[in-house]
Amino acid sequence: MSAFSRHLCLWLAVILTAISAVPGSPVMAGDDDQGGTFLTSFPDNDVYQVAVYGDEFAEGLLAGLLVAFGSDIRMNIQRQVTPFSGIGLADFDTKVANLEKAIASQPLNIAIVMVGEDDRMFFRGPDGKRLPIGGDAWLAEYTRRVDRLMRAFKSKNAGVYWVGMPNVARSDANELAQKMNDVIRERAYLNGYKYIDAYQGFTDENGAYSSYGPDLEGAIRLLRLRDGVNFTDAGNRKLAHFVEKELRPDLIQAKANRNVPLLGAEPEQAKINPDNAVKTPAPSSPVAQSAEAAHRAPVVKGSSHDGSPPSASGDGSGEQKADNGRITLKIVGSNGREESQTIEIVRPAIPASVVTLMARREGSGQRGDLLVDQIAGGLTLMSSISPSGNKDRGRLSPTQAPYFRLLVKGERLQPKPGRADDVTWPPKPDTTSEARPAAPPPRG
């Protein structure tokens, strides 16, 4: 290897070492950010503003939520539903625009949405013709409208819990409800919302519709009204329980993230941990004199958000100070002699706002999908399928991931030639890289 090649490899190694040594690197933070919360850890006045949106389903759901969270001082649930119904009506776009204005005009941390009671209707295509209910064209238009409705909640950056369609008495309407749930589940996943399954929780041991079922205490109660669609008071309480199962762990996780070191400025830390608050020492104490001397020392800061040059004084706001280091390498010079080369590793200052943002960054997507199925013997099988981590971003679209296609959409994956699930006849040779070469034919 020539001297130039050795020097090039050496400098590349030094550059990689310097990049990996920088604290708070965005790449590393993005890869390791698995502890974010679905809800903000610091709502205004430490109270989560909760609003329910939807049609008559949402009215009953709100009544159940008030019973479930009525004594929880962390949540302020609006007592009235923000109405929205009729996804299939001609004035859909106007209704969504009005909903966006209503969302923007009120404080919102948690949105709970349930619509679909009157959505099993004909749609009209761009040419004005009626689309057959449940057909491909109908599902495509329904997907577009559901996605448009979900994007109305993006402006508030709130945690959105979207409740799917429940099962209904009519078998033909039940099939359509399952197709609608497939659309809602997929669009909620892609928009970073949590999907709440309201279908499997109200079926009998055979997976069929039943007006009666166990309540939260296990007693058999009347859960559905005579219309075969809406819920009784006991049914609404059970419906709210499925939202509660997702919401309470998120509240606990958000509270736990409030105690992360260096999370927030000193006023926030003093509010969270009063015992650990920074006490101001007396002016005559040695601690105060040391702090004053340290305050006069120049501190390197990063540039501000408005692009102004860095300041030379520190205010103790929790920022990461510059901490440059040096390493000494021994290399062989062009004359063949060993030389010492000192290289400075730059660890720049990081403003407190960036440190706080990286520590408080919230998870935007749900942690996984809950799949529920009925098996023989009256048992319920529940499986949690989690999406791939941040390290796999950009490789596959979420809806093209194998687990989503197989377990959520129910598609059959194409078998690879020569694998155990390949039942084609005659069998095809295995063309993968791990396939063993064919044995040579016998001689003679």
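Two strands count as paired if DSSP finds at least two bridges between them, and this rule is applied below to a predicted model.

**Exercise 1.** Find how many bridges join strand 4 to strand 7, and in which sense the two strands run.

*Solution.* Begin with the count: strand 4 and strand 7, the latter covering residues 159–163, are joined by 4 bridges. Next comes the sense, which is parallel. One bridge can then be located by its residues, since Ile110 has Gly159 as its bridge partner in strand 7.

**Exercise 2.** Determine how strand 1 pairs with strand 4, and name the partner of Val52.

*Solution.* Strand 1, made of residues 48–54, pairs with strand 4 in the parallel sense, and 5 bridges connect them. Within this pairing, Val52 is matched with Ile112 of strand 4.

**Exercise 3.** Decide whether strand 4 is enclosed or open, and sort its residues by the direction in which they point.

*Solution.* The first step needs a cut-off, namely that a residue is buried under 20% relative accessible area. For strand 4, residues 110–114, 5 of the 5 residues are buried, and therefore the strand is largely enclosed by the rest of the structure. The second step rests on a general pattern: side chains in a regular strand alternate between the two faces of the sheet. In strand 4, Ile110, Ile112 and Met114 point one way, while Ala111 and Val113 point the other way, and all of them are buried.

**Exercise 4.** Classify the packing of helix 3 against helix 7, and describe the residues in contact.

*Solution.* Helix 3 (residues 56–69) packs on helix 7 (residues 233–256) at an angle of about 60°, and their axes lie 8 Å apart. Because of this angle, helix 3 is oblique to helix 7. The crossing of the two helices is right-handed. The contact involves, among others, Gly60, Leu61 and Gly64 of helix 3 and Asn236, Arg237 and Leu239 of helix 7. By type, the residues of this contact divide into 9 nonpolar, 3 polar and 3 charged.

**Exercise 5.** Classify the packing of helix 4 against helix 5 by the same steps.

*Solution.* Helix 4 (residues 92–104) and helix 5 (residues 136–150) pack at an angle of about 15°, with 10 Å between their axes. Angles under 35 degrees count as roughly parallel, so helix 4 is roughly parallel to helix 5. Their crossing is right-handed. Helix 4 contributes Phe92, Asp93, Val96, Leu99 and Glu100 to the contact, and helix 5 contributes Arg144, Arg145, Arg148 and Leu149. Sorted by type, these residues comprise 4 nonpolar, no polar and 5 charged.

Definitions and conventions
Residues numbered from 1 in each chain as written. Predicted model: local features only at pLDDT ≥ 70, side-chain atom pairs only at ≥ 80, totals over all residues. Heavy atoms only, no water. Buried < 20%, exposed > 50% of the residue type's maximum accessible area, 1.4 Å probe, protein only. Axes fitted to C-alpha atoms, helices over the stretch in contact; angles between N-to-C directions. Parallel < 35°, antiparallel > 145°, perpendicular 65-115°, else oblique. Left-handed = near helix turned anticlockwise from the far one by under 90°. Contact = heavy atoms within 4.5 Å. Nonpolar A, V, L, I, M, F, W, Y, C, P; charged D, E, K, R; others polar.
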